[in-house]
Amino acid sequence: MSDKDHKGSGKKALLTIGEMARLFHMNIRTLRYYNELGILKPEYVNPDTNYRYYSTNQFERLNTIKYLRALDVPLEKISNFFDEKDVNTILSIFMEQRESVLKKQKQLAQIEKKITNRIEQIETALSASYGQIIVKYLPQRGIVLLEKKFTLADDLELLIRDLSKEHCLDDAIFLGKVGVSVSQQDLIEGQFTHFSSIFVVVEAEEGFEDKDSVLSEGSYATVQYRGTHEDASPYYTLLLNYLKDSGFQIKGDSVEITIIDTGMTNDYNKFVTELQIPFQ
C-alpha cells in the first residue's frame, strides 16, 4: 500500500509529520525527538519510505505534552506520567513543579536584587564628584576576610585566589566587591603603603552563610576617585586631614574598594575606587 493510499484509508486519515507540525505550530525536529524518547510515537511508519504518520487519536496526547512543557515540566516526568497515567500522578507532578517554580522565583528575585545593587553602585560611581569628601553612615556589612600583610608590589589576584580557596567562594561574587584595608595604627602613623587584609563584601542575596567578619556600622569619611589602589595615597591624606581638622578620631581600619576596574572596562580613565575611613 502506498503512502497516499494509507493516508486516505480507514475511518481516520493520517497526517504526515510536516502536517502534524504545522497543525500544532511545532518544529518537525521536536516531533522526531518525542518519537526518540518514546512519548509520542507515530501511528504508522511506512516500512519502505520510513515516512511517519500521525492520527487524530494522538492529538490529546500531544496537547498534554505541550501543556506540561508550557509548565516547564521535564520530559522525563512527562514520560513517567504516560507510563503511569493517573490523576494522582499528574497531581504529584503539578505539586513538584509548583515547588520548583517557587524556588526559581526566589532565585530570580535574588538575581534581580544583585543586579539592582550593581546598577546603583556603578551609576553612583559614574556620577560621583571625584575627590569630594562625603560623610556617610553605613550599615554593618558582612565580609569574608583574609588577614594578611601585603603591599601593592604583591599580586592582588593571587591573594584573591587565596581568599577564594580558603572560603570556597564562587568567583561570580567578586566583581566590584573586593576590598583592602590599611590598619588603624598605620592610618594614625600616616603609613599607606602596607595593607592589613583583603576581603569580599558578601551581600544578603548571595545566600553565603560563612561570613567570618563584618565592617562595623557607623560613620565613615569617604571619597571616590578616578583610579585604583595605586592612586589612593593622596586621598588617604585628604581624609585624614579632614578628620583631624574636624576633631574626629579614627575608629578602625580603612575600607578601600575598587568599584570600576578591568573587570568592567579596558579604559583606565574610567576606573573608580572608593576609600572609607571610620571615625567617632
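Two strands count as paired if DSSP finds at least two bridges between them, and this idea will return at several stops of the tour. The model in your viewer is predicted, and the tour begins with the whole chain before turning to its parts.

**The whole protein**

Show everything as a cartoon, and you will have 9 helices and 11 strands on the screen. Of the 280 residues, 40% count as buried, and the accessible surface comes to about 16,600 Å², of which 51% belongs to carbon and sulfur atoms. Among the contacts with a separation of 6 or more, 67% are between residues 24 or more positions apart.

**Strand β9 and its partners**

Select residues 218–226, which make up strand β9, and colour them by burial: 7 of the 9 residues are buried, so that the strand is mostly covered. Now add residues 134–138, strand β4, which pairs with β9 in the antiparallel sense over 5 bridges; in this pairing, lysine 136 stands opposite tyrosine 220 of β9. Next add residues 272–278, strand β11, which runs antiparallel to β9 and is joined to it by 7 bridges, with threonine 222 standing opposite glutamine 276 of β11.

Keep these strands in view and show the side chains of lysine 136 and glutamate 274, which form a salt bridge whose closest N and O atoms are 3.0 Å apart. Because lysine 136 lies in β4 and glutamate 274 in β11, the pair ties together parts that are 138 residues apart in sequence. Is each partner buried or exposed, or does it lie in between? Lysine 136 counts as partly exposed at 26% relative accessibility, whereas glutamate 274 is buried, with a relative accessible area of 7%.

**Helix α5**

Move to residues 75–83, helix α5, and show the side chains of its buried residues, which are Leu75, Ile78, Ser79, Phe81 and Phe82. Turn the view until you look down the axis of α5: the buried residues fall within an arc of 155°, and therefore they line one face of the helix. On the other side of α5 you can pick out Glu76 and Asp83, which are exposed. To see what the buried residues pack against, add α3 (28–37), α4 (59–70) and α6 (87–126).

**Two salt bridges at α6**

The structure holds 3 salt bridges, and the next two selections show those that involve helix α6. Side chains of opposite charge can pair when their charged atoms come close.

Select lysine 104 and aspartate 72, whose side chains meet at 2.7 Å, N to O. Lysine 104 lies in α6 and aspartate 72 in the loop between α4 and α5, so this pair ties together parts that are 32 residues apart in sequence. Lysine 104 is partly exposed at 37%, and aspartate 72 is partly exposed too, at 38% relative accessibility.

Then select glutamate 96 and lysine 77, whose side chains also meet in a salt bridge at 2.7 Å, N to O. This pair links glutamate 96 in α6 with lysine 77 in α5, 19 residues apart. Glutamate 96 is partly exposed, with a relative accessible area of 39%, and lysine 77 counts as partly exposed at 25%.

**A three-stranded sheet**

For the final stop, select strands β1, β2 and β3, which form an open sheet in the order β1-β3-β2 with antiparallel pairing. The edge strands are β1 (15–16) and β2 (44–45), each of which pairs on one side only. Between β1 and β3 (residues 52–54) there are 2 bridges, and leucine 15 stands opposite tyrosine 54 of β3.

Conventions. Residues are numbered from 1 along each chain as its sequence is written. This is a predicted model: local features need pLDDT of at least 70, side-chain atom pairs count only at pLDDT 80 or more; totals for chains, interfaces and linings use all residues. Side-chain values use heavy atoms; hydrogens and water are left out. Buried means under 20% relative accessible area, exposed over 50%, partly exposed in between (1.4 Å probe, protein chains only). Helices (H or I, at least four residues) and strands (E, at least two) are DSSP runs, numbered from the N terminus. The arc is that of the directions from the helix axis to the C-beta atoms. Contact means heavy atoms within 4.5 Å. Accessible areas come from the Shrake-Rupley method with a 1.4 Å probe; for residues, only the protein chains shown count as cover. A salt bridge is a side-chain nitrogen of Lys or Arg within 4 Å of a carboxyl oxygen of Asp or Glu.
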